[in-house]
Amino acid sequence: MSKPLLEAENISVAFNGAEVVSQVSFSINPGEVLALVGESGCGKSSVSLALTRLLPPQAQISADHIRFHSRSGSVDLAAVSNRQLRKYRGGGIAYIFQEPSVSLNPVMTVRSQIAEVLELHGNGQGDLDKTIIELLSQVGIPDAKNRLKAYPHELSGGMQQRVMIAMALAGDPELLIADEPTTALDVTVQAQILELLDSLRKERGMAILLISHNLGVVSALADRIAVMYAGRIVEHACTRAVIDSPFHPYTRALLAAVPQLGRACGRLQTIPGMVPLPSEYGKGCRFAGRCQECQKKCLESSPVSIEIRPEHFCSCFQVEPKL
Ligand SMILES: Nc1ncnc2c1ncn2[C@@H]1O[C@H](COP(=O)(O)OP(=O)(O)OP(=O)(O)O)[C@@H](O)[C@H]1O
Ligand SMILES: [Mg+2]
C-alpha cells in the first residue's frame, strides 16, 4: 500500500480553555476521499483548519504530528514555523468553504481572483488567460473565455462554487479540503458539484477531505468515513462498512436520520437532545446523554477507540470486537 498523503495524530483544539476537538487522529491516502461527518458544532471545521493553523489566534492547537508527504517532500505541519506553513496553505492543501459568496471577493473579477492564486503559488508562468480559461473549463464553467471579466454577483451560487473550486485548483493542491461545499446550494446543483469533485480527484489524483453534517451527501463520494461527535471521532471505517454495519449508537442514529440510506422506507428519525457544549464535556462518553444504550460505565469514563473488525474502529463500551 502506498504511503499516506497526510497522517494526523492526536489533534486537539481549545478556545478559551474549552476543548472543542480532543485527540483526533486520521490519515488520508493519495487520491482518497475521507469524509468527516457529524452534527453542527462537533468540531469538523476546527479539525480541518487546525491542519494548516488557519484558526483565529485565540485557538490553542496541539498535535503529536501532522505529517504531510507531499510531492516536494515530507513535512510535519505541526512542527514547522508559520512562515514555512504558508507555503502549504492553498498550495499543497487548499480549502473550499460552504458559502462561495462570502469567500469570493465581490469587487474582483473571476480572472483577477484566480490569477492571484496562480501567482502566489508560482503557477502563473506562461499565458495566464489561457491557464485560467483551462481551469474554468475543468470545473465545468461554460463559455469560460467570456466569464473572465465577470464579477461574483453575476454568477449563480453553483457557478460561484465552481469558481471557488477553480481557485483552489490554481494552487495545484494534493489535498483539497471541502467544508460543506454543497450545503448552500439546491439539491440538483449539489449533485453536480459532488460529481465535479469526484471527477477532479480521478483526473488529478487529488485527495479530498470532505466535511458534511449529512451522511447521505458524503456516502456517494467518500472512500472512508470518520464520524465525529462532540470533538471526538467515534467511528471510522470504509464507507460501505459505516453505511451497512455501523456500530456506534451515534452513527446508527445519524443513518436513521438520512432518507433512503440503510432502509428502503419508513419514518425518518431525529436524534433526541442536543450536542453538549464543549464546556459541558464530562469524563464519560460524550454521547451518553443522548444514547439509548447508555449504562453506568458510560457516564464514568470515556471509551477508547477499538478495532471492531479489520480497519473498522469504534469508541463505545457496548460494542464488542468481532475480529
Ligand atoms: N473562533 C471561535 N471561538 C470560540 N469558539 C469557537 C470558535 N470557532 C468554533 N468554536 C466552537 O468550537 C466548537 C466546534 O466548532 P466547529 O465550527 O469546528 O464545528 P463544526 O462541526 O464545523 O460545526 P458546523 O457543522 O456548524 O460547521 C463549537 O462549539 C464552536 O462554538
Ligand atoms: Mg463547520
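Does Ala230 count as buried or exposed, and how many C-beta neighbours lie inside 10 Å? In this predicted model, Ala230 has 25 C-beta neighbours inside 10 Å and therefore counts as buried. The residue lies in the loop between β10 (224–229) and β11 (232–238). Its phi is positive, near 45 degrees, although Ala230 is a residue other than glycine.

Asn16 offers a second case of positive phi. Its value is about 50 degrees, and Asn16 is not a glycine. Asn16 is found in the loop between β1 and β2. Here the surroundings are sparser in number by the computed count: Asn16 has 10 C-beta neighbours inside 10 Å, so it counts as exposed.The turn that holds Asn16 belongs to a hairpin of β1 and β2, with two residues between the strands. Strand β1 covers residues 6–15, and strand β2 covers residues 18–28. The two pair in the antiparallel sense over seven bridges. Within this pairing, Ile11 stands opposite Val24 of β2.

β1 has further partners. With strand β5 (residues 65–70), β1 runs antiparallel and is joined by four bridges. Leu6 has Phe68 of β5 as its bridge partner. Strand β4 (residues 59–62) also pairs with β1 in the antiparallel sense, again over four bridges. In that pairing, Ala14 is partnered by Gln60 of β4. In a regular strand, side chains alternate between the two faces of the sheet.

Ligand 1 was examined next. Its shell holds 13 residues, and the closest are Phe15, Val20, Ser40, Ser45 and Ser46. Phe15 falls within the range of β1 (residues 6–15). Val20 falls within that of β2 (residues 18–28). Helix α1 (residues 44–51) gives the largest share of the shell, three residues. By class, five residues of the shell are nonpolar, seven are polar and one is charged.

Glu39 is found in the loop between β3 (33–37) and α1. Glu39 has 17 other C-beta atoms within 10 Å and is therefore partly exposed. Beyond residues up to four places away in sequence, Glu39 touches His213 and Val275. Tyr229 is 190 residues from Glu39 along the chain, yet their C-alpha atoms are separated by 7.2 Å.

The interior was then considered. The largest nonpolar core has 91 residues, and Ile114, Ala166 and Val227 touch the most other members. Helix α6 (residues 157–170) supplies the largest share of this core, nine residues.

α6 is mostly covered, with 13 of its 14 residues buried. From its first C-alpha to its last, α6 reaches 20 Å, close to the 20 Å expected at 1.5 Å a residue. Asp172 follows α6 and has a positive phi, near 50 degrees.

Ile114 is one of the buried residues of helix α4 (residues 110–120). The others are Val110, Gln113, Ala115, Val117 and Leu118. The buried residues of α4 pack against α5 (128–138) and α6. Gly122 follows α4, and its phi is positive, near 70 degrees.

Val227 has contacts well beyond its sequence neighbours within four places. Val37 and Gly38 are among them. Ile233, Val234, Glu235 and Val242 are also in contact with Val227. The list further includes His248, Tyr250, Thr251 and Leu254. Val227 falls in the range of β10 (224–229), whereas Ile233, Val234 and Glu235 fall in that of β11 (232–238). Val37 lies in the range of β3 (33–37).

Helix α10 (residues 249–256) contains Arg252. Arg252 has 18 other C-beta atoms within 10 Å and is therefore partly exposed. Arg252 and Ile271 are 19 residues apart in sequence, and their C-alpha atoms are 10.0 Å apart in space.

Terms used. Residues are numbered from 1 along each chain as its sequence is written. Chains are lettered from A and ligands numbered from 1 in the order in which they are written. This is a predicted model: local features need pLDDT of at least 70, side-chain atom pairs count only at pLDDT 80 or more; totals for chains, interfaces and linings use all residues. A nonpolar core is a set of buried Ala, Val, Leu, Ile, Met, Phe, Trp, Tyr and Cys residues joined through C-beta atoms within 7 Å. A residue is buried if 20 or more other C-beta atoms lie within 10 Å of its own, exposed if 12 or fewer, and partly exposed in between; C-beta atoms are placed from the backbone. Two residues are in contact if their C-beta atoms, placed from the backbone, lie within 7 Å. A residue is near a molecule or strand if its C-beta atom, placed from the backbone, lies within 6 Å of it. Ala, Val, Leu, Ile, Met, Phe, Trp, Tyr, Cys and Pro count as nonpolar, Asp, Glu, Lys and Arg as charged, and the others, Gly among them, as polar. Two strands pair if DSSP finds at least two bridges between them. The expected span of a helix is 1.5 Å times one less than its number of residues.
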